[in-house]
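I'm opening a fresh notebook page for this one. My plan is to look things up one at a time and jot down what I find.

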Amino acid sequence: MRSSGLPRSPVVSHRLALLLVLGLGACADAPTEAPTPAAADTVVVDLTVPDGVTVPEGMAYVPGGTTRIGVLPGEGGMPHEKPVFAAEVSPFLLDRSPVTVARFRAFVEATGFDTQAEAFGDGAVMDQTQGSWGLVPGATWRQPRGPEGPEAPDDHPVTQVSWTDAVAFCTWDGGRLPTEVEWEHAARGAGDDRSPYAWGDALDEGGRARANTWTGSFPAGDDGSDGYRDGTSPVGAFGATPLGLTDLGGNVWEWTASWYQPYPLGPDGGVSLGMASTASEPERVQRGGSFLCHPSYCHGYRVSARSHATPESSFAHVGFRCARDLPEAAVAAR
């Protein structure tokens, strides 16, 4: 979307053109098939935290193991979620929830950090009356929809942060971004779970929504039946998975460490396989879907769904969470 090496004014039209191409990333096309849960063997996951590992407050232990990445025939999904492949994942720590506005503010106040949206002077916002994206002057993590919009609540996921901003925060916080393989492994409960969502097989269970997604008709008809209309929700509002993780579907897309490229990925999850990308510019993968996703045009809150954007891009529906490696001795002991 942006090319920070170019003067400010010449890239505006280029970035807007890319916005139109990227749109909602993985939400640009409807799934090729309706997701159907496949039969699954029972996978027993040992949630015991290894000796010598301290899990910081706000993080969860994610056991290692082999998990399948992507969708099998009959499970729906989009072409870039195929072919399915197996990945061996080492145990790691992961933020229980996306980084909140309050946590990001603490980072900014401690470091004086300026985000790329602040440097560029704008961020990407969807006009729900038109169903189109545009760059809104003054849209930042403080006011994701611009100066005329509301301030972002402290307990909501921070948005209007680029991949570069997310890396800076995670580094300051003592961690890193998860790879997209780690992210899907965690969303599948650290096992080969065949459910389409991190919480189970249905978006609504017992008359209760399990994620903040677009409900009603798109683009101007979010009816708020999930409890939130046309925007983010407090992290954890829809409960946690057995691993203790929240917001792994809906609310905001989340940046990952991985470059966007075709499956199957290499053994390192696509982090250091060079700059290969199916896009016109190298892009980073986003996972998890957002409050803008609806099954009629986007099913991004499935565990296998992928989106992507260039590292300097900032959106009103994209945030992140951080991961940390375990001590080598603890990994070896598993």
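Entry 1, disulfides. I'm working from a predicted model, and I began by counting disulfides: there is 1. Cys 170 and Cys 322 make it, with their sulfur atoms 2.1 Å apart. I also checked the handedness: the torsion about the S-S bond of Cys 170 and Cys 322 is about -85°, so this disulfide is left-handed. Note to self: a disulfide is a covalent bond between the sulfur atoms of two cysteines.

Which parts does the pair tie together? Cys 170 sits in helix α4, while Cys 322 is in the loop between β14 and β15 (323-325), so the link joins parts that are 152 residues apart in sequence. I looked up burial too, and both Cys 170 and Cys 322 are buried. While on cysteines, I checked Cys 293: its relative accessibility is 0%, so I put it down as buried.

Entry 2, helix α4. Since Cys 170 led me here, I went through the helix, which spans residues 163-172. Its buried residues are Trp 163, Asp 165, Ala 166, Phe 169 and Cys 170. They cover an arc of only 155° around the axis, which means they lie on the same side of α4. What covers them? I found α2 (101-111), α3 (116-120), β11 and β12 (284-287) included in the cover.

Then I looked at both ends. At the N-terminal end, Ser 162 acts as the cap, with a side-chain oxygen 3.3 Å from the backbone nitrogen of Thr 164. After α4 comes Gly 174, and its phi is positive, near 90°.

Entry 3, the core. I looked up the largest nonpolar core, which has 59 residues. Phe 104, Val 158, Phe 169, Leu 177, Trp 255 and Phe 320 touch the most other members. I picked Leu 177 for a closer look: leaving out residues up to four places away in sequence, its contacts include Trp 163, Ala 166 and Cys 170 from my helix entry, as well as Trp 255 and Phe 320. Apart from this core there is another one, of 5 residues, with Val 53, Met 59, Tyr 61 and Leu 93 among them.

Entry 4, a sheet. I traced an open sheet of 4 strands in the order β13-β12-β11-β14, with mixed pairing. Here β13 (307-309) and β14 (318-319) are the edge strands, each with a single partner, so one side of each has no neighbour in the sheet. β11 (residues 253-259) and β14 run parallel and are joined by 2 bridges. For Trp 253, I noted Val 318 in β14 as the bridge partner.

Terms used. Residues are numbered from 1 along each chain as its sequence is written. This is a predicted model: local features need pLDDT of at least 70, side-chain atom pairs count only at pLDDT 80 or more; totals for chains, interfaces and linings use all residues. Side-chain values use heavy atoms; hydrogens and water are left out. A nonpolar core is a set of buried Ala, Val, Leu, Ile, Met, Phe, Trp, Tyr and Cys residues joined through side-chain atoms within 4.5 Å. Buried means under 20% relative accessible area, exposed over 50%, partly exposed in between (1.4 Å probe, protein chains only). Contact means heavy atoms within 4.5 Å. Two strands pair if DSSP finds at least two bridges between them. The arc is that of the directions from the helix axis to the C-beta atoms. A polar contact is a pair of N or O atoms within 3.5 Å; within protein, one must be able to donate a hydrogen and the other to accept it, and residues adjacent in sequence count only if both atoms are side-chain atoms. A disulfide is a pair of cysteine sulfur atoms within 2.5 Å.
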